[in-house]
Each structure stands twice: as C-alpha cells, then as structure tokens.
Amino acid sequence: MEHASWEEGKVSGAVYHGGDDLLNLQSEAYRMFSVSNPIHPDVFPGVRKMEAEIVAMVLAMFNAPSGAGGITTSGGTESILMACLSARTKACVERGVSEPEIIVPSTGHAAFDKAGQYFGLTVHRVAVDPVTLKVDLKAVSRLVNYNTILIAGSAPNFPHGIIDDIVGLSKIALKRRIPFHVDACLGSFLVPFLEKAGYPTEPFDFRVKGVTSVSCDTHKYGFAPKGSSVVLFRTKKLRSYGYFVSATWPGGVYASPSLAGSRAGSLIAGTWASLVSQGENGYTNSCREIVGAAKEIESGIRERLHPDLYILGEPMVSVVAFSSKTLNIYEVADELISLGWHLNVLQDPPALHIACTRPTVSAVEKFLKDLEKAVQSVKLRGESEYGSKAAIGETTALYGVAGSLPNKSVINTMATGFIDTLYKA
C-alpha cells in the first residue's frame, strides 16, 4: 500500500525525517542492539550508559539544575503520564491528597486527559485568550485548591503552535507550592535552539524557577526513531515518585522507572546515535531552516491570502494554524487533500495547521500556491459562511461533525469503531 508523499513535504508533522544518512545510521544501531533490553542493565551495560547519556544531554538542553533527573519513555504521551503520576504520588505522600486535580489549558495535549482517566485525576481545562491563544492566568489561579497536584503549560501547544505564558504560570505554581509541568514535546529540539538560530524566544525551561518537570520528544525534531521521548524532573526525588517497585514478588524485586517493563534497547541506541551525530550545530541549523519555513508560510498567508484566511495567534516555532471568517475551512482542507496535502484539521474553533518539518523547507512555495488554489476553488463553488454546510471528505468529516454535535458520546462511539477497524487483518 502507498503512503502519503511525506518526502515531498506534503504532510504536516507525522514524519520527522533527519535525512538518509541519519536513517542509515539509525538502522545500523537498530541492528547492533536489536536483542537488547534495558530491563537487564547487567546484561546490556552499553544500553544503560546510552540511556543515561540521552537523559543528560536533554537535561543540559533545558538548562536543568544540578540534582535534576529524567527518564526515557515511549513518546510524549507517556512522558506526560509520568509527570502526572509523579505529581499525584508527591501530593498523596507529602500532603495526603486523595482526590487529585490538575489544571491544563484547553489547548494542552489530550495526554493530560488520558492521565486523568488512567490515574483517577480530575482534569480542569482552562480557556485560552481568544486573541493570543495563551492560557488565561486568572482562570488558572481561581481553580487552584488543596487538591490541585499539578499545573501544566505548553511550549508550544499542538493545535496552534503557541507558547503559553510559562513565567506567569510559574508564579502561580510557586505561590501555591504546586508542581508545574511544561509540555515541550512538540517544541522538543526547536525551542531550545530558537535564540541560537536567530529567532525570538520566550522563557520555557528550568531557568524559570517554578518549572518542576518538562516533557521533550526526541522522536520529533530530535530526528530520533519513533517511540522515544524524555521526561525531565527538577529533582531526583520528583523522578522517583513515578517509579514502580515490588519488593515481595516471588520472581524477585521488580522495579521500573516508567510504564513499560521490557523496552527496546535498539530504540535507545538509535536515539543516542541521532543526538550525538546531530549535535548542537546540527540542531541549530535544522531549527533555523524549519522555523524559517514556518515563518515564510505565516507571512505568505498574511500577505497573499488576506482576507480569505487569517493566522491564529502569533506562532513562534514550527506550527502555523489558520482559519477563515468567510469560507468553510474544512472544504479548504478537502481541496488541499485533492492536491496531495495532508494537514491537521482542528476544531473549537474550526481551523487547519501545518507543522513544518525538514521536507517542508523545500515545499513552502508549492504549499502557498496550492493553498491559493484551494481557497479559489471553494470561493468559486459559492461557499457561504463556514459552518453552514456539513464538512465533507474522509479526513475532515469527523472533525466537522465533532465541532457541531452537542452530544460528544456519538463521537466517542465513532472513534471507538474506527480504532476497532485498525485491527482487522
């Protein structure tokens, strides 16, 4: 079966390709460590050392203080889960909290809701400012109470590519003595290099005093193999709150730092090889190219497609989100699909975004021209105000329906059925 033409830069995010040379290096690392398993550090000491060095490199990247710690995980979702689990255990052990709550921007990753479902947390979603799309600090502050175990912010968020007010959230967390997690999974190896690449930046890492944990995906802009991420903690004690230890099992003492037991040492080896081969200069250069592509797309939409389209907020990293006040944006998405593009379709409000990657860099002008074609096609069909017609097309239909149905249980049923079909051989 054919896949989407990501090599041509026509896919938003999804494939974070570091080049054929890096892919060959990763494949060799996979081969060399294909049977290894870090659950047995005595058998595979090299994998243990590589994992420790991955964590050390990412800690340094986010300016972690002395005494900080981290663990590798299977991806951003698990990294967020581990941050929430650590905060829940800390609150239970240190304060006796039995009904834990977390406060998350409405634009924060769905993994926070998954953590709520898995770990019995009440998740409070806070609206963002309609103009800046940053989380409303006053609303966050009002929600804090004795049961609050964690506040979260994004650097940047997935839907719109906007960095929350990390300093403002930090002040709330410090004042109320609550852990504060920064989800930098999407920003990963871009936000730490914005300044070095010559772009504006905002405070986002451990230099902000209230930040107690950070999630960073090595498998996105770190160009590591899929299935690798890192979660960082300001102190090793915070890290240990997420550990699982069973001292009474007949099979011996069982301990693991994350949700998984056995893990693929080959992934660790591939990730280590990626980070070491790219280095600071490599990541600075890729940041310059990728963020540069995003800024070209942003300015192109503002200059060439106004007033049909508008940009959401002021994006600083790799994601550019856009919508329309006059067109059905989902129909624009369908037109783009017919031209071979696969963008991310958003809801509340209806919008599209493109997450730029290395392949996008050479496809910027092609994207802008095809976006102009898509807009003109929708206008020629006499499309009325967006939302007046049902969204069409395979990709946009679920989002279009989800945004208009008051009963979300229908969507839950549809999504469950969709997942079921994925396992039909």
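The following paragraphs describe selected buried residues, the nonpolar cores, the cysteines and one antiparallel sheet of a predicted model. Because the model is predicted, local features are reported only at a pLDDT of at least 70 and side-chain atom pairs only at pLDDT 80 or more, whereas totals for chains, interfaces and linings use all residues. Residues are numbered from 1 along each chain as its sequence is written, and side-chain values rest on heavy atoms, with hydrogens and water left out.

Helices (H or I, at least four residues) and strands (E, at least two) are taken as DSSP runs and numbered from the N terminus. In these terms, Asp 183 belongs to strand β5, which spans residues 180-183. With a relative accessibility of 6%, Asp 183 counts as buried, the term buried standing for under 20% relative accessible area, exposed for over 50% and partly exposed for values in between, computed with a 1.4 Å probe on protein chains only. Contacts are defined by heavy atoms within 4.5 Å, and, when residues up to four places away in sequence are not counted, Asp 183 touches Ile 80, His 109, Phe 112, Gly 153, Ser 154, Ala 155, Pro 156 and Ser 215. The side chain of Asp 183 also reaches the backbone nitrogen of Cys 185 at 3.1 Å. Asp 217 is 34 residues from Asp 183 in sequence, and the two C-alpha atoms are 9.5 Å apart in space.

One of the contacts of Asp 183 is Ser 154, which is placed in strand β4 (residues 148-154). Ser 154 is buried as well, its relative accessible area being 2%. Beyond residues up to four places away in sequence, the contacts of Ser 154 comprise Gly 108, Ile 162, Ile 163, Asp 164, Ile 166 and Asp 183.

Lys 220 is covered by the UniProt annotation "modified residue: N6-(pyridoxal phosphate)lysine", which comes from an unreviewed entry; UniProt positions are given in the numbering used here, feature names are shortened, and annotations may be inferred rather than shown by experiment. In the model, Lys 220 is found in the loop between β6 (213-216) and β7 (229-233), and its relative accessible area of 17% places Lys 220 among the buried residues. Apart from neighbours within four places in sequence, Lys 220 is in contact with Tyr 16, Cys 185, Leu 186 and Ser 188.

A nonpolar core is defined as a set of buried Ala, Val, Leu, Ile, Met, Phe, Trp, Tyr and Cys residues joined through side-chain atoms within 4.5 Å. The largest such core holds 88 residues, of which Phe 62, Ile 151, Ile 301, Phe 322 and Val 332 touch the most other members. Helix α8 (residues 265-304) supplies the largest share of this core, 12 residues. Another core, of 24 residues, lies apart from it and includes Leu 81, Leu 85, Ala 152 and Tyr 241.

With a disulfide defined as a pair of cysteine sulfur atoms within 2.5 Å, the count comes to 0 disulfides. For Cys 84, the nearest cysteine sulfur is that of Cys 185, at 11 Å, and Cys 84 is buried with a relative accessible area of 0%. For Cys 356, the nearest cysteine sulfur is that of Cys 287, 12 Å away; Cys 356 likewise counts as buried, at 0% relative accessibility.

Two strands are regarded as paired if DSSP finds at least two bridges between them. An open sheet of 4 strands, with antiparallel pairing, follows the order β10-β11-β13-β12. Strands β10 (310-311) and β12 (344-346) stand at the edges with a single partner strand each, so one side of each is left without a neighbour in the sheet. Strand β11 (residues 319-323) is joined to the antiparallel strand β13 (residues 351-355) by 4 bridges, and Val 319 has Ala 355 as its bridge partner in β13. Between β12 and β13, which also run antiparallel, there are 3 bridges, with Leu 346 standing opposite Ala 351. The hairpin of β12 and β13 has 4 residues between the strands, and within this hairpin Asp 348 takes a positive phi near 55°. Both faces of β13 are covered, with Ala 351, His 353 and Ala 355 buried on one side and Leu 352 and Ile 354 buried on the other.

Definitions and conventions:
A polar contact is a pair of N or O atoms within 3.5 Å; within protein, one must be able to donate a hydrogen and the other to accept it, and residues adjacent in sequence count only if both atoms are side-chain atoms.
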